[in-house]
Amino acid sequence: MNETNTDASDAEETATTEEVPTLSFIYGKRRYEVGIHFSQTTSETMEDRIRHLAQRDLLNGA
């Protein structure tokens, strides 16, 4: 049981030391917070990614 507590403490420490950018918004009466992750190994630039997202939105009629 002591090992489980130690493992949980290690996991919490790792999660708090790694800064993850978030986007928060309110929809209705609820507040949503979304973690943002970008791959460090991709060859796609931010401009390419935004262009692909916009093209997908146009094709889906959004």
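1. Asp-48 and Arg-51 form a salt bridge in which the closest N and O atoms are 3.2 Å apart, and both residues belong to helix 2, where they stand 3 residues apart, or about one turn of the helix. The structure is a predicted model, and this contact, like everything that follows, should be read as a feature of that model. In general, side chains of opposite charge can pair when their charged atoms come close.

2. Arg-51 has another partner, since the side chains of Glu-47 and Arg-51 also meet in a salt bridge, with a distance of 3.2 Å from N to O. Because Glu-47 and Arg-51 are 4 residues apart in helix 2, about one helical turn separates them. Taken together, Glu-47, Asp-48 and Arg-51 are linked in a network of salt bridges, and a student who wants to find this network in the picture can look for these three names along helix 2.

3. The members of this network can also be described by how much of each is accessible. Glu-47 has a relative accessible area of 55% and is therefore exposed, whereas Asp-48, with a relative accessible area of 25%, is partly exposed. Arg-51, which takes part in the bridge to Glu-47 and in the bridge to Asp-48, is partly exposed with a relative accessible area of 37%.

4. How many salt bridges does a search of the whole structure find? The search finds 3, and one of them joins Glu-33 to Arg-31, with the closest N and O atoms 3.8 Å apart. The cut-off for such a contact is 4 Å, so the 3.8 Å between Glu-33 and Arg-31 falls within it. Both Glu-33 and Arg-31 are exposed.

5. It is useful to place these residues in the chain as a whole, which has 2 helices and 2 strands, and whose elements run α-β-β-α from the N terminus on. Helix 2 covers residues 46-59, and its length can be checked by simple reasoning: at 1.5 Å a residue, its 14 residues should span 20 Å, and the end C-alpha atoms are indeed 20 Å apart, so the two values agree. Helix 2 is followed by Gly-61, which has a positive phi near 75°.

6. Strand 1 (22-27) and strand 2 (30-35) pair in the antiparallel sense over 6 bridges, and one example of this pairing is Ser-24, whose bridge partner in strand 2 is Glu-33. The two strands make a hairpin with 2 residues between them, and in this hairpin Gly-28 takes a positive phi near 70°. As for strand 2, the number of buried residues among its 6 is 0, so strand 2 lies largely in the open.

7. Which residues form the aromatic pair of this structure? The structure holds 1 aromatic pair, and Phe-25 and Tyr-32 form it, in a stacked arrangement with 5.4 Å from centre to centre and 20° between the planes. Planes under 30 degrees apart count as stacked, so the 20° between Phe-25 and Tyr-32 explains the label. Phe-25 lies in strand 1 and counts as partly exposed because its relative accessibility is 37%, while Tyr-32 counts as partly exposed at 36% relative accessibility.

8. Phe-25 and Tyr-32 also belong to a nonpolar surface patch of about 890 Å², whose other members are Leu-23, Tyr-27, Val-34, Ile-36, Phe-38, Met-46 and Ile-50. Strand 1, strand 2 and helix 2 are the elements that give two or more residues to this patch, and strand 1 gives the most, with 3 residues.

9. A last point concerns the surface of the whole chain, which exposes about 6300 Å², with carbon and sulfur atoms supplying 52% of it. Of the 62 residues of the chain, 0% count as buried; a residue counts as buried under 20% relative accessible area, so Asp-48, at 25%, lies above that limit and is partly exposed.

How values were computed. Residues are numbered from 1 along each chain as its sequence is written. This is a predicted model: local features need pLDDT of at least 70, side-chain atom pairs count only at pLDDT 80 or more; totals for chains, interfaces and linings use all residues. Side-chain values use heavy atoms; hydrogens and water are left out. Patches are made of residues with over 30% relative accessible area and no salt bridge: like charges are joined within 9 Å, nonpolar side chains (Val, Leu, Ile, Met, Phe, Trp, Tyr) within 5 Å. Accessible areas come from the Shrake-Rupley method with a 1.4 Å probe; for residues, only the protein chains shown count as cover. The expected span of a helix is 1.5 Å times one less than its number of residues. Buried means under 20% relative accessible area, exposed over 50%, partly exposed in between (1.4 Å probe, protein chains only). Rings of Phe, Tyr and Trp (its six-membered ring) pair if their centres lie within 6.5 Å; planes under 30 degrees apart count as stacked, over 60 as edge-to-face and the rest as tilted. Two strands pair if DSSP finds at least two bridges between them.
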